[in-house]
Amino acid sequence: MKITIGMLTGLLYFNIAYGQSYRLSGRITDGTDNPIAGARVTLRETGAQQVTDRQGSFTFTGLRPGVYHIDVAKMGYEHGQETVALAQDNQGVTIPLKGAMHVLDEVLVIDNHVARRKQEESLNVEVVGRDFIHRNLGGSLMQTLERLPGIQTIGIGAGQSKPLIRGLGFNRVVTVDKGIKHEGQQWGADHGLELDQFAAGEVEIVKGAASFVYGSDAIGGAIDVKPESPPAPHTAIASVDLVGRSNNGGYGTSVRLGGRGSRWFADGRATYLRYGDYRVPTDTVYVYDYGVALHRQRLRNTAGRETNLHVNAGYLGERFNTILYVSNTFHEAGFFANAHGLEPRRVDAGMHDRSARDILMPRQQVNHFKAISRNALHWGAHHLQAEFGFQHNFRQEYSQYVNHGYMPPVFPDTLGIPQGLEREFDKLVYSLNVRDYWKAGRHELTFGLGSEYQDNTIRGWTFLVPAFGQLTAGAFVYDKYRLSDQALLHAAVRYDHGSLRMSEYRDWFPSAVDDHGSQEYLLRAANLHRRFNSLVWSVGLNYHPAGTFSLKANVGKSFRMPIAKELSANGVNYHYFSYEQGNPALSAEQSYQADLSVEWSPAGWRIQISPFYNYFPNYIYLNPTSSFDHYYGAGNQVFRYEESRVMRYGGELQVSRRISRSLTAEVLAEYLFSKQLSGAKRGFSLPFAPPPSLLVNLSWAPGRAGNPFMSVDYRLVARQDRIVPPEKKTDGYGVAAIRAGYTVSVAHHPVHLNLQVQNLLDIKYMNHTSFYRLIELPEMGRNVVLSVRIPVAVARGEAAKQVSKKPKQ
């Protein structure tokens, strides 16, 4: 559009004389009048931004007369620009975008499914992709995700962790991998999740109770790990990830190879990681007030290694898809030698300190095999999905034999158990999920069925949890009713049945039972069969009017079956120096929750607040008693599972401001308050309750060749005074981190370089949700993480012919 001097003079006079403000609106299309949703529209003069709606529309208000330059960006399209002389309300601007015609190293089909998913779900949902994982690479997938508001971890050394969502974890958070619920030994605070973060294509985090979709255990939320996308048609792909860490001398690689014809594809990935004892910024730690000197500030025996293999193959048709995923993950790591067993002072420090990379006892190793078949069929208005899964989780924990109670002083060689095998858990899991997605008018209906069977056997010279078999089955119906283009109503109801059968266990050694010398093999766990039934529901509303405001609200009921440990535990937990007892009378845990999410996006800003309220009539809790065990635990305090009424509330706040085209500031805050309303610990909080925290970020991304970026985080964490014994109060702290990245071209292939410096100032601090917090163990010191990602895609066959015909750009 040609702007003349006369037009500018007229606009200037108009502005001075009348001081009017106007509206500028329009549509973004693909050139054939089809709207483009999710395009980012920027008004260059003001920095204001809009994201187009379903009709491709955008609107800017409060504008003074003048000349404005409009920039439009949408992945998969060429950059769009338009110049507008504004002298009155202008609602007729149409900007067509051309499809991008580039010869790419890797062909990607990208849409706005993330924004659409977050808009159409009534619960609070966060979605992150491979770029987020690569930029925030931690020692495990859960540590990578903990930068998100409302997500915390129970850290288990440098290479493993467990997720917490709004302070709830263990069997209150479901982890889904490729459509199947991941089942390991997640009841243990020292048991991490056996997942390979390099094999994750996208991760969806549901914050809030989600039992109506995932069944029992999703009472606190869900972490849904999606697979990597299959190769594009007629291409061969390869990628290499390299990572190195300074703090524990960690290094590793992950390699992916694959290819696809027209419909059939196959790919595989192999990951290997190795790390040594990690360093903390102190020379002495205190294990229950006993001072332990550290050699070169390293926690002895915290080294580990990880080996993972993945093989995927499938058929991708127009109406029918089927993919088989087979994976095997293996992880071996030591426990901090001075914080395990009955006597932390019986440690050969010299043996452990000779090398920072050996893995000695006490240690754990776990192998998790998984085979998943995912199938989808489009049939008229129906979309059918089915997953069949098999998992084999094999966990072993090794430690020096130390007798206590009536155990023999010398380990017998006739027992048939290796002398170092403290505990072994061998679990087989069979899963089936079937869903039918059906559109009927304004309704989007989902009918689902799910069933799972677990068979868990045990071995070892100590006892904590009995062998058990568990069967669960559930059915649900979920309806999304579109009231209008701006409003979506949700309603769901689900029924579940569960059966848990625990096996009798007796000691392998006799114990004295009276003063006359009588002895017997004591019964530690009796045969027990419990059944549970539950009906849960959820109702929600999404409201997204045209403009900068959106709202999501949800209320509902969720449930959780008690697990074998809560019902029948009867032994020593060597990590917490406690004796734990189950309660066979526990009922299924119930929860009522209300979630709200409000988002406002004025020009250059994004503000989202997500409060929640949660009430448990019968929260299951491990309560310390006044008793002490003398038969099995050498006088350890007895902890017993009990039920109490619990109230929880809190929320997250996200504020971001685009300061300029290259500079963005962000604030992420989270708060949680919990209180027991009944029981022996009435008035106390709940275990692992995260303190309030605030993360301030400044990011620079100029958007030029190489996609350089730099980001600085500073996290402020408040003091946690609200505890429940035996927890300890935790001081507040501030910790800084930086990230930077750049992409270079090597032999016409992109090489993505990322650098992180975690705990930049080498601060000594305690994380209240850490597995090792109880023994005053500080978090890892300064850690420099360098990662390199090299993706390669080679077109062949028909794809190569099509690329060769494209004009050079």
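Here are some numbered notes on this predicted model, going from the whole chain down to single residues.

1. Overall build. The chain carries eight helices and 45 strands. For 809 residues, a compact globule would be expected to have a radius of gyration near 28 Å, and the chain's 29 Å agrees with that. Along the principal axes, the C-alpha atoms fill a box of roughly 115 × 60 × 55 Å.

2. Burial and contacts. Buried residues make up 53% of the 809. The chain exposes about 34,800 Å², with 57% of that area coming from carbon and sulfur atoms. If you take the contacts between residues at least 6 apart in sequence, 67% of them join residues at least 24 apart.

3. The largest nonpolar core. This one has 22 residues, and the members touching the most others are Leu141, Met142, Leu145, Val203, Ile205 and Ile223. At least two residues each come from helix H3 (130-135), helix H4 (141-145), strand E14 (200-207) and strand E15 (221-227). Apart from this core there is another, of 21 residues, including Val287, Val292, Leu299 and Met780.

4. Met142 up close. What does Met142 touch, once residues up to four places away in sequence are set aside? The list is Thr153, Ser161, Lys162, Pro163, Leu193, Leu195 and Ile223.

5. A three-stranded sheet. Strands E9, E10 and E11 make an open sheet in the order E9-E10-E11, with antiparallel pairing. Strand E9 (151-156) and strand E11 (168-169) are the edge strands with a single partner each, so one side of each has no neighbour in the sheet. Strand E10 (residues 160-165) is joined to E11 by two bridges, and Leu164 has Gly169 in E11 as its bridge partner.

6. Two positive phi values outside glycine. Arg166 sits in the loop between E10 and E11, with phi near 55 degrees. Is Arg166 buried or exposed? Its relative accessible area is 6%, so it counts as buried. Lys178 also has a positive phi, near 55 degrees, and is found in the loop between strand E12 (173-177) and strand E13 (180-181). At 9% relative accessibility, Lys178 is buried as well. Both are worth a look in the viewer.

7. The E16-E17 hairpin. Strand E16 (residues 235-245) and strand E17 (residues 250-260) pair antiparallel over eleven bridges, and Val243 stands opposite Gly252 in E17. Four residues lie between the strands, and Gly249 in the turn has a positive phi of about 60 degrees. E16 has two faces: Thr235, Ile237, Ser239, Asp241, Val243 and Arg245 are on the covered one, while Ala236, Ala238, Val240, Leu242 and Gly244 are on the uncovered one. Note that Asp241 and Arg245 are on the covered face, with Val240 and Leu242 on the uncovered one.

8. The E19-E20 hairpin. Here strand E19 (residues 284-287) and strand E20 (residues 290-293) pair antiparallel over four bridges, and Thr284 faces Ala293 in E20. Two residues lie between the strands, and Tyr288 takes a positive phi near 50 degrees.

9. Aromatic pairs. The structure holds 15 of them. Phe463 and Tyr505 are stacked, at 4.2 Å centre to centre with 10 degrees between the planes. Phe463 is in the loop between strand E26 (443-459) and strand E27 (468-482), and Tyr505 is in strand E29 (residues 505-506), so the pair ties together parts 42 residues apart in sequence. Both partners are buried: Phe463 has a relative accessible area of 4%, and Tyr505 comes in at 17%. Elsewhere on the ring list, Tyr401, Phe411, Trp461, Trp508 and Phe509 are linked into a cluster by ring pairs.

10. A cis peptide. Which bond is cis, with omega near 0 degrees? That is the peptide bond from Met361 to Pro362. Pro362 lies in the loop between helix H6 (349-353) and strand E23 (363-379).

11. Gln50. This residue lies in strand E3 (residues 49-51). Gln50 counts as buried because its relative accessibility is 12%, under the 20% cut-off. Leaving out neighbours within four places in sequence, Gln50 is in contact with Ala39, Arg40, Val41, Phe58, Thr59, Phe60 and Thr548.

Methods
Residues are numbered from 1 along each chain as its sequence is written. This is a predicted model: local features need pLDDT of at least 70, side-chain atom pairs count only at pLDDT 80 or more; totals for chains, interfaces and linings use all residues. Side-chain values use heavy atoms; hydrogens and water are left out. A nonpolar core is a set of buried Ala, Val, Leu, Ile, Met, Phe, Trp, Tyr and Cys residues joined through side-chain atoms within 4.5 Å. Buried means under 20% relative accessible area, exposed over 50%, partly exposed in between (1.4 Å probe, protein chains only). Contact means heavy atoms within 4.5 Å. Two strands pair if DSSP finds at least two bridges between them. The radius of gyration is taken over C-alpha atoms; the globule rule is 2.2 Å times the number of residues to the power 0.38. Accessible areas come from the Shrake-Rupley method with a 1.4 Å probe; for residues, only the protein chains shown count as cover. Rings of Phe, Tyr and Trp (its six-membered ring) pair if their centres lie within 6.5 Å; planes under 30 degrees apart count as stacked, over 60 as edge-to-face and the rest as tilted.
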